[in-house]
Amino acid sequence: MNSKINDLLARVQEFHPKAAAEIEDFRIRILGKKGELTSLMEEFKTVAPERKRELGQSLNALKQAALAKIAALKEEFADAVASTPAIEDMSRPGTAETLGSRHPISIVKNEIIDIFSRLGYTVAEGPEIEDDWHVFSALNFPPEHPARDMQDTFFIEKTPDILLRTHTSSIQVRTMEHQKPPIRVICPGRVFRNEAISYRAHCIFHQVEGLYIDKGVSFADLKQSLLYFAKEMFGEQTRIRMRPSYFPFTEPSAEVDVSCNLCGGKGCNVCKGTGWLEILGCGMVDPNVLEANGIDSHEYSGFAFGMGVERIAMLKFGVKDLRLYFENDVRFLQQFESKL
Ligand code: PHE
């Protein structure tokens, strides 16, 4: 048995693999269930008691030597792999890094901001997690309004109500808190509504809202500002029309349509044959809202408007499914690179 141990020890010491895969084969051959060392261990059980001590020590030394050798070889080969240069031919051209592009929602949001900044508006921002006052109460929402229901709004806490803002009008309230008229701000941001996700609705989307308060601001000013916006966004030939509507915070209120930029107003399947596309809501700020925010409604008047960025981007780029904006498939996003 002694000679078998010495023979195996010599083979362990002389083992010089050429490839990393040989190390594992070697380990199995020696230390595996049917390995040579394992069968020596079996044999050891049958040796005479007076020889156990000496042979046991040699066997143990052999096992330690085998384990140490395998560990050392593994390390050596791992280092070798890590330091092998991946490219043998250093004169070959490298792989080009592809450059990212702006998300279509950012492109359109920036364009909206750009257009209104030419009319003297500045950007205001606010938190996405809001309280009842800034999203509803300061905006003249009656207590029983459906938007205050869990089915329409994501509440984080009840009493006091803490919620995800459902529109960026909350930023307008915050602006009125710390700024005296004249006020001229646009409020871009993400908003949240408890809606089932489909090709035309999402529970997260982006808005840009605007607020203008000064002495003598009229509905004619509102109409002219929005006509300017529509022409800048969709082209000089664009016309707008206003339809009466209702919002708790504006009186009178209106929905604004633009003439369909695909068929020029003749009627097509995008505008469903009407020649018009709805793009935003607006109105004269309700005197109740001015008063609730510490502004004298006899001295000042104002208008407000709000639009969904996804909606404008869909109309501008002809995107038919709103979910594409959130999936971040590069094949979709790459199409907007040239629009920067
Ligand atoms: N806040 C409204 C909404 O989210 C949009 C709006 C803003 C309408 C300002 C009128 C005036 O739907």
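Start by selecting D161 in this predicted model, and show what lies around it. Leaving aside residues up to four places away in sequence, D161 touches E130, D131, D132 and F155. Where does D161 sit? Follow the backbone and you'll find D161 in the loop that links strand 3 (155-157) to strand 4 (162-164). Now zoom in on its side chain: it reaches the backbone nitrogen of T159 at 3.2 Å.

Next stop, the ligand. Select what surrounds it and you should get 13 residues, with H167, S169, R193, Q207 and E209 the closest. Three of these names are worth a click each. On H167, a polar side-chain atom lies 3.0 Å from a ligand nitrogen atom. E209 also offers a polar side-chain atom to a nitrogen atom of the ligand, at 2.7 Å. For Q207, look for an oxygen atom of the ligand instead, 2.9 Å from a polar side-chain atom.

Now colour helix 5 (residues 104-117) and helix 10 (residues 309-317). Their axes come within 9 Å and cross at roughly 100 degrees. Angles of 65 to 115 degrees count as roughly perpendicular, so that is the label for helix 5 against helix 10. Which residues meet there? From helix 5, pick P104, I105, V108, K109, E111 and I112; from helix 10, pick V309, E310, I312, A313, K316 and F317. Colour this contact by residue type and you'll see eight nonpolar, four charged and no polar residues.

Finally, zoom out to the whole chain. The domain assignment gives domain 1 (2-83) and domain 2 (104-339). Colour each one, and note that their C-alpha centres lie 75 Å apart.

Definitions and conventions
Residues are numbered from 1 along each chain as its sequence is written. This is a predicted model: local features need pLDDT of at least 70, side-chain atom pairs count only at pLDDT 80 or more; totals for chains, interfaces and linings use all residues. Side-chain values use heavy atoms; hydrogens and water are left out. Axes are lines fitted to C-alpha atoms, for helices over the stretch in contact, and angles run from 0 to 180 degrees between N-to-C directions. Helices (H or I, at least four residues) and strands (E, at least two) are DSSP runs, numbered from the N terminus. Angles under 35 degrees count as roughly parallel, over 145 as roughly antiparallel, 65 to 115 as roughly perpendicular and the rest as oblique. Contact means heavy atoms within 4.5 Å. Ala, Val, Leu, Ile, Met, Phe, Trp, Tyr, Cys and Pro count as nonpolar, Asp, Glu, Lys and Arg as charged, and the others, Gly among them, as polar. A polar contact is a pair of N or O atoms within 3.5 Å; within protein, one must be able to donate a hydrogen and the other to accept it, and residues adjacent in sequence count only if both atoms are side-chain atoms. Domain bounds come from an automatic or database domain assignment. A residue is near a molecule or strand if one of its heavy atoms lies within 4 Å of it.
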